Structure formats: C-alpha cells, structure tokens
Amino acid sequence: MATFQEKLKWATHKLERVGIENPNIDAWYLLASVSTMTRSDYFLHSMDEMPESQSVVFQKFIERRVKHEPMQYIIGEQEFMGLNFLVNENVLIPRQDTEILVELVMKECNDKTVLDVCTGSGCIAISLAKLTDAKSVTALDISSKALELAAQNAKKNEVEVSFIQSNMFESVNQKYDVIVSNPPYIPTDVIKTLMPEVKDFEPMLALDGTEDGLKFYRILAQQSKDYLTKSGMVYFEIGCEQADDVCELLKENGYDSIKVTKDYANLNRVVSARLKDDR
C-alpha cells in the first residue's frame, strides 16, 4: 500500500511525462476529488496509507487524464459564477470567459423574460435564474442529452428553468425580452489545431461553427428579432476575431446600440445589441 504522498508523486510524474501543462495541480485535484481531502487534511495525513478503494479510483482517474481527457469530465463537475455544475462529454465545459456574458446579461434581465439559445450544461440560464430577479428563464438546445444534464443542474442549483429541445428557434413559440447565446463559433478547420482536451473530448456539436465560424450568428441575427419583444436585447459570446462580422450581421438585421465587450484578457468576447423600435 502506498501513502497519499507517494500516490501524489506517482501521479504528478505520470502526468508530467505526457506533457500535461500543470501536472502537480491536476494530480492534486484528482486526489482531492477521490479522497475528499482538503489541503489541511493532506498536510496532516500525507504519510497515511491511501485506502485501496480510493487508490483504485485514483489510478483510473490518472489514466484518463494521461489520455488528455479534461479534468472536469473526470471529476464530473465545474464551477461557474460561484455555482457548481455537473458536466460530461455531452456538454461544453463552462469557461470563465463566459462569465463576462452572464455578468452583462445580469444587468439587463431583472423582471424580464430570458431565452438562452444553445444552453449546453445550462450554466448561463441557471446562473441567471439563480442570481437575478428575471421574470422567467427558458433554455433550448438541439441535444437531448445536453438538456437532460441541464435539467439536473437546474435541480442541483434549486432554480426553475424551462427547457426546450429545439434546433435553434424551430420549436420556440413566444417572445422574450432578452436572448442570450454562446453558440458554436469555432471554424471547422481551426478545431483540429486545438489542444487535445478540446478537440478530442468536447462535443463537436458545441464547437463547430462551420467553415467561417459564423453560421449560428447568421441565424441568431436573422431570426432573434422574431422572438424578441419591442426593444429587446441580444447578447452573444463570440470568438475574439469575430466582433466586426457579428456586429455587421446585427446591423444588417435591424439592431442598434451595438456594443463589443472585452474579457479579462482584453480580447473581444461579447457582442450586445438592442432591436430597433421602428420595426
């Protein structure tokens, strides 16, 4: 039997050999997940023998990470907006960049109806339902498996969100004050250049924005206006090089007050706009 310290050293070395970027951090998080240890617990008990049941699971976790499977899928969770979300291979892993999108929408959606298009894990819709006084929050996705997980996340976070299985707006039959979306936006040819954790494990359905990455922004710009109330707002997460194109699409389709917001790395991350009153 090996001690916790020995197991941690073994795992760190194993991850380091296959080029994992932060092997010591990943090894620790996987150990903590299996053992439920805090850092303080570890300092007190690092020389204790790791129970066999935990050791077996830990080794399986490390073997998965060696293959570059994302840590979040291995652990099955990811924090977003201070909330905890279940994640699996059917949904995109929530990212900090998307918190910028949520923070902007939070300022707009109190006492308003909100529609989240391409909801995935439900992190955007659920965060808005939990952290604001939105009148109602609805979320749609084409994937039934994604919606199943999103519904679990809504229950986990004790919020009420209405979920619709729909290919974009096909099954939507009402209007909303705010439409928010983090759609697939990576150009097809770019996906193969991404790190293995993304291109080999995250769902292609949630990544691929087709040839130029703009397919879903065209749909959003052209069709959102049919599902917005008067002077309704849209908020879209974008790839950092897509701001000009997405702004132009919105301008062509009757939106004004178009604004680009940068993320924490000072990269273009969100485009927002208001539907003109003179429809």
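Select Met81 to begin: at 16% relative accessibility, Met81 counts as buried (buried means under 20% relative accessible area, exposed over 50%, partly exposed in between, with a 1.4 Å probe and protein chains only). Met81 is placed in the loop between S1 and strand S2 (83–86); helices (H or I, at least four residues) and strands (E, at least two) are DSSP runs, numbered from the N terminus. Its phi is near 55°, a positive value in a residue other than glycine. Most residues other than glycine have a negative phi.

The model is predicted: local features need pLDDT of at least 70 and side-chain atom pairs count only at pLDDT 80 or more, while totals for chains, interfaces and linings use all residues. Residues are numbered from 1 along each chain as its sequence is written, and side-chain values use heavy atoms, with hydrogens and water left out.

**From Met81 to Ser127**

Select Ser127 next, in helix H7. Ser127 counts as buried because its relative accessibility is 0%. Apart from neighbours within four places in sequence, Ser127 is in contact with Phe80, Met81, Leu83, Phe85, Val102, Gly122 and Thr132 (contact means heavy atoms within 4.5 Å).

**The sheet**

Now display the strands. An open sheet of 7 strands, with mixed pairing, follows the order S5-S4-S3-S6-S7-S9-S8; two strands pair if DSSP finds at least two bridges between them. Strand S5 (162–165) and strand S8 (255–262) each have a single partner strand and stand at the edges, so one side of each is left without a neighbour in the sheet. From one strand to the next, the twist averages 15°.

At the S5 edge, select strand S4 (residues 136–141), which runs parallel to S5 and is joined to it by 4 bridges. Ala139 has Phe163 in S5 as its bridge partner. Add helix H8 (residues 144–156), which lies across S4 and S5 and runs at about 175° to S5. For such angles, axes are lines fitted to C-alpha atoms, for helices over the stretch in contact, and angles run from 0 to 180 degrees between N-to-C directions.

Move to the S8 edge. S8 and S9 run antiparallel and are joined by 6 bridges, with Lys262 opposite Asn268 in S9. The two strands form a hairpin with 5 residues between them, and Asn266 in the turn has a positive phi of about 65°. S9 is mostly covered, with 7 of its 8 residues buried.

On to S7, which runs antiparallel to S9 with 5 bridges between them; Phe236 stands opposite Val271 in S9. Ser231 is also in strand S7, and its phi is near 60°, a positive value in a residue other than glycine. Helix H6 (residues 96–106) lies across strand S6 (176–181), strand S7 (228–237), S8 and strand S9 (268–275), and runs at about 160° to S7.

**Helix H12**

Select H12 and colour its buried residues: Phe216, Tyr217, Ile219, Leu220 and Ala221. Their cover includes strand S3 (113–117), S6, S7, helix H13 (243–252) and S8.

**The two pockets**

Turn on a surface. On a 1 Å grid over the protein atoms alone, a pocket is an open set of points where a 1.4 Å probe fits, with protein on both sides within 12 Å along at least five of seven lines; lining residues have an atom within 4 Å of a point. Grid points are joined across faces, edges and corners, and a volume is the space filled by probe spheres set on the points.

The largest pocket has a volume of about 1,000 Å³. Of its 46 lining residues, Leu92, Pro183, Pro184, Tyr185 and Ala206 are the closest to its centre. H6, helix H7 (123–131), helix H11 (204–207) and helix H12 (215–223) are the elements that give two or more residues to this lining. H11 gives the most, with 3 residues. By class, the lining has 25 nonpolar, 11 polar and 10 charged residues; Ala, Val, Leu, Ile, Met, Phe, Trp, Tyr, Cys and Pro count as nonpolar, Asp, Glu, Lys and Arg as charged, and the others, Gly among them, as polar.

Finally, select the second largest pocket, with a volume of about 820 Å³. Among its 25 lining residues, Asp26, Arg65, Met71, Gln72 and Gln78 are the closest to the centre. Helix H2 (23–35), helix H5 (71–75), strand S1 (77–80) and helix H10 (196–199) each supply at least two lining residues. This lining divides into 10 nonpolar, 7 polar and 8 charged residues.
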